[in-house]
Amino acid sequence: MAGDPIRVLVTGAAGQIGYALVPMIARGAMLGPDQPVILHLLDIEPCLEALNGVKMELIDAAFPLLKGIIATTDTVEACMGVDIAIMVGGFPRKEGMERKDVMSKNLSIYKAQASALERHAALNCKVLVIANPANTNALILKEFAPSIPPKNITCLTRLDHNRALGQISERLDVQVSDVKNVIIWGNHSSTQYPDVNHATVSTNSGEISIRELVADDKWLKNEFITTVQQRGAAIIKARNLSSALSAASSACDHIRDWVHGTPKGTWVSMGVCSDGSYSIPADLIYSFPVTCEKGEWSIVQGLKIDEFSRDKMDATANELLEEKTIAYSCLNNLHKL
């Protein structure tokens, strides 16, 4: 086995995504089949009984890689010494709530958790925010944990990326593992832009562009985009529950590639802190195509952006700017309390 255990925090661990995620981590899907882990499971007081039930099941599963479990409602205890933090818990948007109301609720949650990570997590702790609005929650966390390097704070758009891969795989009747280099630009919301302009499929004749194989620009510019954008809502409609399994699997993909690296010639989508690439305003948490090596991500540079893509990329950036304005307004109100 690969040395000392890595400590992984999962907030909202008694919820649907947490329940799907923690056995994947314990089995090695996130950090590899030889890497021991210690799970730090955090949830709120009303969920303590369910959280202890999750702990019981993890013990009963007898995962060889699982070297310890901390299940707690204490944020400081949960964050102590963690190397990776998966932020699943958050206040969900309910019917009739405005975005600013959700952000105001999440500000309080993320202020406490970010402060605890700031003081008690490992120095190079990697953070993945899943709770929606994921991009803006990550921005809030960055605000309250200034000593955590901005490059270490990310949000999950790998789920959207994987959804795009799946849709192309289904359309072309090819293995999803043969499809690569789709891109999710922007916000994890209905304004995200799934882009296949640079994506390819591996065939017996070599790598062929998806646009050439699909040969239907109308589908690629309309139905494909809206299907990926609205996939989460479609799953809720189908099963009356959110997409917990695929979100958990995508979180494992996100961390695994970040830690172990992306295959040569392949990129993935991650919500990361913009450095101004592709004329996206700096400091927004925005989904870009990235490659990963030695635990660091880098935005893929030099991709040609056509007018259609530019409009879509700017539209989702504008939504994020609006969310940032709302979040900072809530933040100012919080400082006045």
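The following paragraphs lead from the overall form of the chain to its second largest pocket and then to three residues with notable backbone geometry. The structure is a predicted model.

The protein chain contains 12 helices and 14 strands. Its radius of gyration is 20 Å, close to the 20 Å that the globule rule gives for 337 residues, so the chain is as compact as a globular protein of that length. Measured out along the principal axes, the C-alpha trace spans about 55 × 50 × 40 Å.

The interior and the surface can be described in similar terms. Of the 337 residues, 51% are buried. Among contacts with a separation of 6 or more, 73% are accounted for by residues 24 or more positions apart. Towards the outside, the protein chain exposes about 15300 Å², of which carbon and sulfur atoms supply 51%.

Attention may now turn to the second largest pocket, whose volume is about 280 Å³. This pocket is lined by 18 residues, and those closest to its centre are Arg-158, Leu-165, Val-176, Ser-177 and Val-179. Three elements, namely α6 (158-172), β7 (179-180) and α11 (244-260), each supply at least two residues of the lining. The greatest share comes from α6, with 4 residues. By class, the lining is made up of 6 nonpolar, 6 polar and 6 charged residues.

The strand β7 also leads to a point of backbone geometry, for Asn-181 is found in the loop between β7 and β8 (183-185). Asn-181 has a phi near 70 degrees, a positive value in a residue other than glycine. With a relative accessibility of 7%, Asn-181 counts as buried, because the limit for that class is under 20%.

A second residue with positive phi is Tyr-278, where the angle is about 55 degrees although the residue is not a glycine. Tyr-278 lies in the loop between β12 (268-273) and β13 (285-293). The relative accessibility of Tyr-278 is 12%, and it therefore counts as buried.

The remaining feature concerns a peptide bond. From Asn-132 to Pro-133 the bond is cis, with omega near 0 degrees. Pro-133 is placed in the loop between β5 (126-129) and α5 (134-144). Like Pro-133, Asn-181 and Tyr-278 have their places in loops.

Key:
Residues are numbered from 1 along each chain as its sequence is written. This is a predicted model: local features need pLDDT of at least 70, side-chain atom pairs count only at pLDDT 80 or more; totals for chains, interfaces and linings use all residues. Side-chain values use heavy atoms; hydrogens and water are left out. On a 1 Å grid over the protein atoms alone, a cavity is a set of points where a 1.4 Å probe fits but cannot get out, and a pocket is an open set with protein on both sides within 12 Å along at least five of seven lines; lining residues have an atom within 4 Å of a point. Grid points are joined across faces, edges and corners, and a volume is the space filled by probe spheres set on the points. Ala, Val, Leu, Ile, Met, Phe, Trp, Tyr, Cys and Pro count as nonpolar, Asp, Glu, Lys and Arg as charged, and the others, Gly among them, as polar. The radius of gyration is taken over C-alpha atoms; the globule rule is 2.2 Å times the number of residues to the power 0.38. Buried means under 20% relative accessible area, exposed over 50%, partly exposed in between (1.4 Å probe, protein chains only). Contact means heavy atoms within 4.5 Å. Accessible areas come from the Shrake-Rupley method with a 1.4 Å probe; for residues, only the protein chains shown count as cover.
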